[in-house]
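Me: I want the labels on this fold tested, one at a time. Set each value against its cut-off and conclude.

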Amino acid sequence: MKSKKVSIRVLVPVMISASIAVCVISCMILFSSYFSKYFQKNAIEKVDKQKKFLVQNLETEIGSMNEWINEIYYQEIKKYDVGSTEFEAKLKQKLLTESKNIYGIGLYDGDGKCIWKSDEFLEPENVNAEATAWFIQAKNNIETIHYGTKKLIWSKKANILEVSRYVEYLEKGTMKSGVLLLEYNMAPIDEILNQYQNQKTSYCYFLDAKRQLLYHPFDKQIASGLYTEKTIQTAFTDKNYVMQKMEGQRWLIEQQQIGYTGWNLVVVNSISSLATENYSLHFVAWLTLLLVGIILTFIDTLVFRNFTEPIYRLLYTMEKFGTGSYKVRAKEKGVGELKNLIKHFNVMADKLEEQMEEIRRNEQEKQRMEKKLLQSQINPHFLYNTLDSIIWMIRSEEYDGAGEMVSLLAKFFRISLSQGKDMIPLKKELEHATSYLAIQNIRFKDKFEFQVNADPNLLNYLCPKLSIQPLLENAIYHGMEGMYEDGEIEIRIYEKEGAIKIEVADNGPGMTAEKLDYIMHNKVISSKRGSGIGVRNVNERIQLIYGKNYGITIASELDEGTVATITIPKMEEFDET
């Protein structure tokens, strides 16, 4: 006993220390997570502001580009005849005025033939303009401006952009349609993007509608194969930004489309470089939390070392009770409120166990009553109809048939009673079913034929009594309706995937989905033609006995017949309780 006290005195402080250590570590993790998210949020907002600034400048530049091409169209091309001297003079004057931004101008007719071009215009005359992307896009989208690809001018070591739009021009007094191509100098766009810091850990790049690079701070390294941009595919997601891990670092990637141009600006930043300045704050916070944890460990060990044993005993008992061990009780040891707490827990456990036992008994009784109720739902119409048929056969001097029906009816009700048993062997249930079919066949003057194919190895297993007859009723009264001496009903019993399958198949006209739903979901039907045991009742009784994985399924197609299947497990003994 003494050694036990020493063991607890050692164990409890260790557990308390471990708990506090876990709390401190959790606080550190939560703190780090919170501040990491906070700093990351700030970094994202900062980068987003820089991106929006670049986007605003780019959209302003593109707006100027649109103004130039529209101005050339409306004030020169549409106003003057292309063959006049005023036309050429105006365009050359415009080109001279905007020489910093516009490198060349070309005008093409609807067939792609060059009508007029400036001296510095790069697009060759022998190129079939009608097959180029800028021509096709401009011609097919007459209300929009098309922004094409980037080209390099080797002589001036400068890049240009092809910008085109649909136009209507005047030639010899006739208005015709064509395409205006503007070769735009990319230097203003490069100047805007060069304002970003553009280091290895923080840079931006510019893509056209086909995701080809229009601008990249590391163009020369990319051209020489020394650098590959790996973020292009990642940037195009549904989110405003993407976090991606590359080369041992986490990267923040933001992308935004520029107006309706199809161009996209992508900003890439290393999160590690953005968060470096916050490491010292993390260190101070962690050190503070560690000191607090040490102090709390010392205080908690002094206060709780003499009170933890009954608490942990009660906790252990509660855990066992929560896992289903309802017989377990806590030892009533301790002082003051602690002992009172343990006592009240035991009282509560006793009452809860009594209530659960009562609920269990009530549920079992409810299931037994439901099974008996479902089985007892047989109305006398079948008996009346059969006796009526026997009387008519005797009056018609068909004594052999009447005698056979009396014998079959006796066997039918003998098996139906089965000494009050709810579960009978499949062999007896099959005899009951064949007796019923034989009676009905005599009544209906051989309107149908029936056969039984059963696996003899399955006939000793148990099944719920009166399970097959409702399916046979359904086959006769629904499947044989309208049939004359060519009806067929077959009972098949076989094993599949460890379960017993009992099928009742007929070659009748089949049923619609609405009729199937009616049969499967309606309660007992007091029919003057049948026994009154509904298919739904049998299905519910099987599921009450075996569970929801078993029961009845019906498959039917119009003009193809119907197959009803009972699925039950292989069971040799059955306990009513």
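Me: What makes S4 and S5 a hairpin, and which residue in the turn has a positive phi?
Reply: Two residues lie between S4 and S5. Lys-172, in the turn, has a positive phi of about 55 degrees. The model is predicted: local features need pLDDT of at least 70, side-chain atom pairs count only at pLDDT 80 or more, and totals for chains, interfaces and linings use all residues. Residues are numbered from 1 along each chain as its sequence is written, and side-chain values use heavy atoms, leaving out hydrogens and water.

Me: How do you know that S4 and S5 pair?
Reply: Two strands pair if DSSP finds at least two bridges between them. Strand S4 (residues 158-171) has twelve bridges to S5, so the criterion is met. The two run antiparallel. One example is Val-163, whose bridge partner in S5 is Leu-182.

Me: Which strand joins S5 by seven bridges?
Reply: Strand S1 (residues 102-109) does, antiparallel to S5 (residues 174-185). Ile-102 of this pairing stands opposite Tyr-184 in S5. These names come from DSSP: helices (H or I, at least four residues) and strands (E, at least two) are runs, numbered from the N terminus.

Me: What is the order of the five-strand open sheet with mixed pairing?
Reply: The order is S12-S14-S15-S17-S16. Strand S12 (448-454) and strand S16 (551-557) are the edges, because each pairs on one side only. Neighbouring strands are turned by 15 degrees against each other on average, direction ignored. S16 and S17 run antiparallel over seven bridges. Ile-554 has Ala-564 in S17 as its bridge partner.

Me: What lies across S12, S14 and strand S15 (499-506)?
Reply: Helix H13 (residues 426-443) does, running at about 170 degrees to S12. Axes are lines fitted to C-alpha atoms, for helices over the stretch in contact (heavy atoms within 4.5 Å). Angles run from 0 to 180 degrees between N-to-C directions.

Me: What is the order of the open sheet with antiparallel pairing?
Reply: Its five strands follow the order S7-S6-S10-S9-S8. Strand S7 (213-215) and strand S8 (241-246) are the edges, each pairing on one side only. The twist averages 30 degrees from one strand to the next. Strand S9 (residues 249-257) and strand S10 (residues 264-270) are joined by seven bridges, in the antiparallel sense. Gln-257 has Asn-264 in S10 as its bridge partner.

Me: How do you know that the span of H16 agrees with its twelve residues?
Reply: The expected span is 1.5 Å times one less than the number of residues. For H16 that should be 16 Å, and the end C-alpha atoms are 17 Å apart, which agrees. Just after H16, Gly-547 takes a positive phi of about 115 degrees.

Me: Why is Glu-540 called partly exposed?
Reply: Buried means under 20% relative accessible area, exposed over 50%, partly exposed in between (1.4 Å probe, protein chains only). Glu-540 has 26%, so it falls in between. Buried residues of H16 include Val-535, Val-538, Ile-542 and Tyr-546.

Me: What makes Arg-536 and Glu-540 a salt bridge?
Reply: A salt bridge is a side-chain nitrogen of Lys or Arg within 4 Å of a carboxyl oxygen of Asp or Glu. The closest N and O atoms here are 2.8 Å apart, so the pair qualifies. Both residues lie in helix H16 (residues 535-546), four residues apart, about one turn of the helix.

Me: Why does Glu-495 with Lys-570 count as a salt bridge?
Reply: Their closest N and O atoms are 3.3 Å apart, so the pair passes the cut-off. The pair links distant parts of the chain, 75 residues apart: Glu-495 is in strand S14 (residues 487-496), and Lys-570 is in the segment after strand S17 (561-569). Glu-495 is partly exposed at 39%, and Lys-570 is partly exposed at 34%.

Me: Why is Lys-51 called buried?
Reply: Its relative accessibility is 5%, so it counts as buried. Lys-51 forms a salt bridge with Asp-48 at 3.2 Å, N to O. Both lie in helix H1 (residues 2-77), three residues apart. Asp-48, Lys-51, Lys-52 and Glu-254 are linked in a network of salt bridges. The whole structure has ten salt bridges.

Me: How many disulfides does the search of the whole structure find?
Reply: Zero. A disulfide needs a pair of cysteine sulfur atoms within 2.5 Å, so no pair meets that limit. Among the cysteines, Cys-23 is partly exposed at 48%, while Cys-204 is buried at 0%.
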